[in-house]
Amino acid sequence: MKEALLRILLGAVSGAGVYASFQPLGLWWAGIIGIVGLYVALSPWAPTEADSPAPRRPIPIGVGMAVAWMHTMTAYLLLLPWIGELVGTFPYVALAFTLSLWSLLLGWWGSRVAVWRYGFALFPFLFLLIEFARSMWPFGGFAWVRVAWGQVGGPFETLARLGGPALVSFAVVCIACGFVGLFHSRRHVKSNVAAMAMISVPAVLCTSVTGQEGHEPAFQDTVKVAAIQGNVPRLGLDFNAQRRAVLSNHVKQTHAVVTHNPDLDLVIWPENSSDVNPLTDSAARGLIDGAVTAAGVPIVVGTITKDSVGDRNTMQVFAPGGEVGEHHHKKFLQPFGETMPFRDVLRHVSEYVDLAGDFKPGTGNGVVHANGIALGIATCYEVQYDAAYREAVKAGAQLLATPTNNATFGFSDMTYQQLAMSRMRAVETDRAVVVPATSGVSAIIAPDGTVAQRTEVFTAASLVEDLPLRDGLTPAVRWGTWLEWLLAGIGVGVALCAMFPSLRRRCAWRRPVDSTAAQHSSAPLTAAASE
């Protein structure tokens, strides 16, 4: 019992380590240590000779499931309090709990795999499988909690160019398990080689990709882009009641920036910068047209529109001369914010439930054209989904934008976590990314993921930068989805071997058993074989 409690405690501590890797703390190495702690907590602790032919006994399935669940529950409770800022504590805890249920499978399968001689080399596939599944379900998937996001600013973020966030997560778990494998199998030459490969290969790939990033094209077009942060008149859930003031703030900030930058090519406002629909409200339209005329270039405006389907979260292009250009309806909507799952049930447990919206998802590839620029848009919550920017880049996007409204979330970690995702998307797609936010943090991100400029929260500000227009597709954009499916598919095979004794007995990864070992440790062998 004491050992079980110690393992569960280690699971919680390791979850806190994963949280510490995320922004704003940004301790990327803490994510690796966190995964080390998780795998150690799932592995047998009984002292054995490293070169002993006898298999080790796995920990009880229930303990393994509790360890993995505690690991993820701790990480998510620390990562996601910003969700509770909008709809209260209960839905936020319920979401963390639901997401953590996936880890019960990781604990079950991982504790079985950990007894195999090369289990440390197979556990990363299981981890990626669970992360992949969590990104698809529930509520359309929640990829916000990927281990990869904690590697922004660290050396392994460059792997996003090759395989996107999935490859980054996989590499982190490989390195962590490689260190554990190196310690457990220090007398076994083949296991040592495998462990060293798991540690060194990601590092070599990172070095290779970083070297390639230094070779810029001899010529590339550039455009001068302004990101506007108008700020909100006051904090809190009721800021939309002052939506005309929010619109006025962005108009004023635009007039101020064009005074000193008459040669702009494009202006981008944040999500919800005009919650008054300018397509139906003449006063709002007049303010926006005035800003467009002053700028002399198109402005991409975040607004709320409505059609026959329902309410839409829309990024709309307004061009000089009163022209209404292309639009992007947000495709991936935030549960418990823009939509409310189980609304009729949850309204009985939280008074905030009916504050959540009832928006309808859009379609399309996420690209709008303005002033000859193909701009790919992933509005706020959409940036966590691989398909958002990959589809836009494949459709010709040369520049990317993540317009966001984070005023509702106050001074929480949400804006910093989201900015980290935009930084990794820049690396993944080899595109500059503009992040205009209503109240901060707004930023200009170079194609290598570095932040060229940024603002503070709850201030009126603007950012102007000459940005490259890039063409071409990175390996991640071309094949990242297939790579993730491949890694997850291997994870399914490992899971099947972990689940069924008949497959485990035929598995080449188990420690061999000879008659001498059986005579000296028949009870442990019988127990292990029955698992």
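This passage walks through the overall make-up of a predicted model, then its strands, a bent helix, its aromatic pairs and a few unusual backbone spots.

The protein holds 18 helices and twelve strands. Of its 531 residues, 59% are buried. A good first step is to ask how far apart in sequence the touching residues are. Among contacts with a separation of 6 or more, 70% are between residues 24 or more positions apart.

Strand S7 (residues 373-377) is a friendly place to begin a closer look. Five of its five residues are buried, so S7 is largely enclosed by the rest of the structure. The side chains of this strand go two ways: Ile373, Leu375 and Ile377 point one way, while Ala374 and Gly376 point the other way, and all are buried. Strand S7 also has partners. With strand S6 (residues 367-370), S7 runs antiparallel, and four bridges join the two. Within this pairing, Val368 stands opposite Leu375. With strand S8 (residues 399-401), S7 pairs in the parallel sense over three bridges. Here Ile377 stands opposite Ala401 of S8.

The turn between S6 and S7 deserves a pause. These strands make a hairpin with two residues between them. Asn371 sits in the loop between S6 and S7, and its phi is near 55 degrees, a positive value in a residue other than glycine. Most residues other than glycine have a negative phi. Asn371 is partly exposed, because its relative accessible area is 45%, whereas the residues of S7 beside this turn are buried.

Helix H8 (160-184) brings a change of scene. A straight helix of 25 residues would span 36 Å, yet H8 spans only 30 Å between its end C-alpha atoms. Where does H8 bend? The bend is at Ala166 and comes to about 80 degrees. Since 20 of the 25 residues of H8 are buried, this helix is largely enclosed by the rest of the structure.

Another helix, H10 (residues 243-260), carries Gln253. This residue is buried, with a relative accessible area of 16%. Leaving aside neighbours within four places in sequence, the contacts of Gln253 are Ile228, Gln229, Ala460, Ala461 and Ser462.

Aromatic side chains come next. A pair of aromatic rings is described by the distance of the centres and the angle of the planes. The protein has 16 aromatic pairs in total. In one of them, the ring centres of Trp82 and Trp144 are 4.7 Å apart and the planes meet at 45 degrees, so the pair is tilted. This pair links distant parts of the chain: Trp82 belongs to helix H4 (residues 81-87) and Trp144 to the loop between helix H7 (119-134) and helix H8, 62 residues apart. Trp82 is buried, with a relative accessible area of 2%, and Trp144 is buried too, at 0%. A second pair, Phe132 with Trp485, is edge-to-face, with 4.9 Å from centre to centre and 70 degrees between the planes. Phe132 lies in helix H7 and Trp485 in helix H15 (residues 475-499), so this pair ties together parts that are 353 residues apart in sequence. Are the partners in this pair buried or partly exposed? Phe132 is buried, with a relative accessible area of 11%, whereas Trp485 is partly exposed, at 48%.

Rings also gather in groups. Trp82, Phe142, Trp144, Phe332, Tyr381, Tyr385 and Phe409 form one aromatic cluster. A ring can have a charged neighbour as well: Arg7 lies over the face of Trp45, at 4.0 Å from the ring centre.

The last stop is the backbone itself. Most peptide bonds are trans. Where, then, are cis bonds found? A cis peptide bond joins Gln23 and Pro24, with omega about 10 degrees, and Pro24 is in the loop between helix H1 (2-21) and helix H2 (28-42). The bond from Gly440 to Val441 is also cis, with omega near 0 degrees; Val441 is in the loop between strand S9 (433-435) and strand S10 (443-445). Finally, Phe458 has a positive phi of about 55 degrees although it is not a glycine. Phe458 is located in the loop between strand S11 (451-454) and strand S12 (461-468), and it is buried, with a relative accessible area of 15%.

Notes: Residues numbered from 1 in each chain as written. Heavy atoms only, no water. Buried < 20%, exposed > 50% of the residue type's maximum accessible area, 1.4 Å probe, protein only. Contact = heavy atoms within 4.5 Å. Phe/Tyr/Trp six-rings, centres within 6.5 Å; stacked < 30°, edge-to-face > 60°. Lys NZ or Arg CZ within 6 Å of the ring centre and 35° of its normal. Expected span 1.5 Å × (residues − 1). Bend = angle between axes of the 7 residues up to and from the residue. Pairing = 2+ DSSP bridges.
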